[in-house]
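Colleague: Could you take me through one part of this model slowly, as you would for someone in their first year? I would like to start with a single helix and then see how the rest fits around that part.

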Amino acid sequence: MVAEAVTKRVTRRRVRTRANLLDAAFAVFAAKGFGRVSIEEVCEAAGYSRGAFYSNFGSLDELFFALYRERADLIAEQVAGALALDGPDLDVPAAVDRVTEVLLLDLDWLLVKTDFLVHAARDAAVAQTLLAHRARLRQAIADRLARARGLAELPAALGDIDGAAYAVVAAYDGVTTQLLLDKDVERARVWLKHLLTALLTDGSGTTE
């Protein structure tokens with residue numbers, strides 16, 4: 001019993017240490033950019049030694065991938081949750097409003113995500129991590145559209161629901177690229193609402 005209790009404490013402490021390292025790394029990566037950050041800087045920001053770092057991650061790359069997957073999975077879950085709130089029916093403008101609130105909430109996340117994109121563009125193996133996340137996000141959108149009753153006919157150029165999901169993600173990518181430069185979250189949110197509503201309706205919906 002004593003050994004079991006000690007093991008549980010060690011496990012909880014390790015989980016907490018790992019979480020603290022990820023949180024600290026997120027802040028440091030967002031501030032300085034991946035490739036300009038050392039293990040020592042992450043450890044200093046988290047208040048841990050290099051030993052604590054290496055007991056959880058084999059390298060800075062491994063930590064970066066873990067951080068990206070954690071945040072990307074959270075975003076995908078939030079998008080799926082936002083799209084599920086209407087039940088079987090889908091109020092497109094209201095759903096778009098909720099999704100844009102989720103996607104455009106965190107400029108730091110966009111900075112880290114962009115670093116990961118650039119890194120992945122130069123490494124085919126790393127690219128698979130990013131492609132997998134984007135596929136999950138598109139699938140969550142496509143699944144919700146497929147379940148919706150009364151969805152307006154999609155523009156022929158999109159082809160089908162999968163095409164619409166691709167278009168939604170592409171619109172997000174374009175708007176957030178501008179957002180990274182001008183930091184105007186409200187303007188980006190308005191534009192994304194307009195674009196997504198136009199994509200998913202006959203264009204008559206409004207997004208004030």
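Modeller: Let's begin with helix H2, where Ile 39, Val 42, Cys 43 and Ala 46 are buried. Looking down the axis of H2, you find these buried residues within an arc of 100°, so they line one face of the helix. Just after H2 comes Gly 47, which has a positive phi, near 80°. Please keep in mind that this is a predicted model.

Now let's step back to see what surrounds that helix. The protein has 9 helices and 0 strands, giving the pattern α-α-α-α-α-α-α-α-α along the sequence. Of its 208 residues, 40% are buried.

H2 also takes part in something bigger. The largest nonpolar core has 64 residues, and those with the most contacts inside it are Phe 29, Phe 53, Leu 63, Val 79, Trp 109, Ile 141 and Leu 200. Helices H1, H2, H4, H5, H6, H7, H8 and H9 each supply at least two residues of this core. The largest share comes from H4, with 13 residues.

Trp 109 is a good residue to click on next. Apart from its neighbours within four places in sequence, Trp 109 is in contact with Phe 26, Tyr 68, Arg 71, Ala 72, Ile 75 and Tyr 172. Trp 109 also belongs to the meeting of two helices: Leu 107, Trp 109, Leu 110, Leu 111, Lys 113 and Thr 114 in H6 meet Tyr 172, Asp 173, Thr 176, Leu 179 and Leu 180 in H8. Sorted by class, this contact has 7 nonpolar, 2 polar and 2 charged residues.

How do we describe such a pair? Two packed helices are described by the angle between their axes and the distance between the axes. Here, the axes of H6 (residues 107-121) and H8 (residues 161-182) come within 11 Å and cross at roughly 105°. Angles of 65 to 115 degrees count as roughly perpendicular, and H6 and H8 are therefore roughly perpendicular to each other.

Finally, look at how the chain brings distant parts of the sequence together. Among contacts in the protein with a separation of 6 or more, 69% are between residues 24 or more positions apart. For one pair to find on screen, try Thr 197 and Val 92: they are 105 residues apart in sequence, while their C-alpha atoms are 6.7 Å apart in space. Thr 197 lies in helix H9. With a relative accessible area of 3%, Thr 197 is buried, the word we began with for those four residues of H2.

Conventions. Residues numbered from 1 in each chain as written. Predicted model: local features only at pLDDT ≥ 70, side-chain atom pairs only at ≥ 80, totals over all residues. Heavy atoms only, no water. Axes fitted to C-alpha atoms, helices over the stretch in contact; angles between N-to-C directions. Parallel < 35°, antiparallel > 145°, perpendicular 65-115°, else oblique. Contact = heavy atoms within 4.5 Å. Nonpolar A, V, L, I, M, F, W, Y, C, P; charged D, E, K, R; others polar. Core = buried A, V, L, I, M, F, W, Y, C linked by side-chain atoms within 4.5 Å. Buried < 20%, exposed > 50% of the residue type's maximum accessible area, 1.4 Å probe, protein only. Arc of directions from axis to C-beta.
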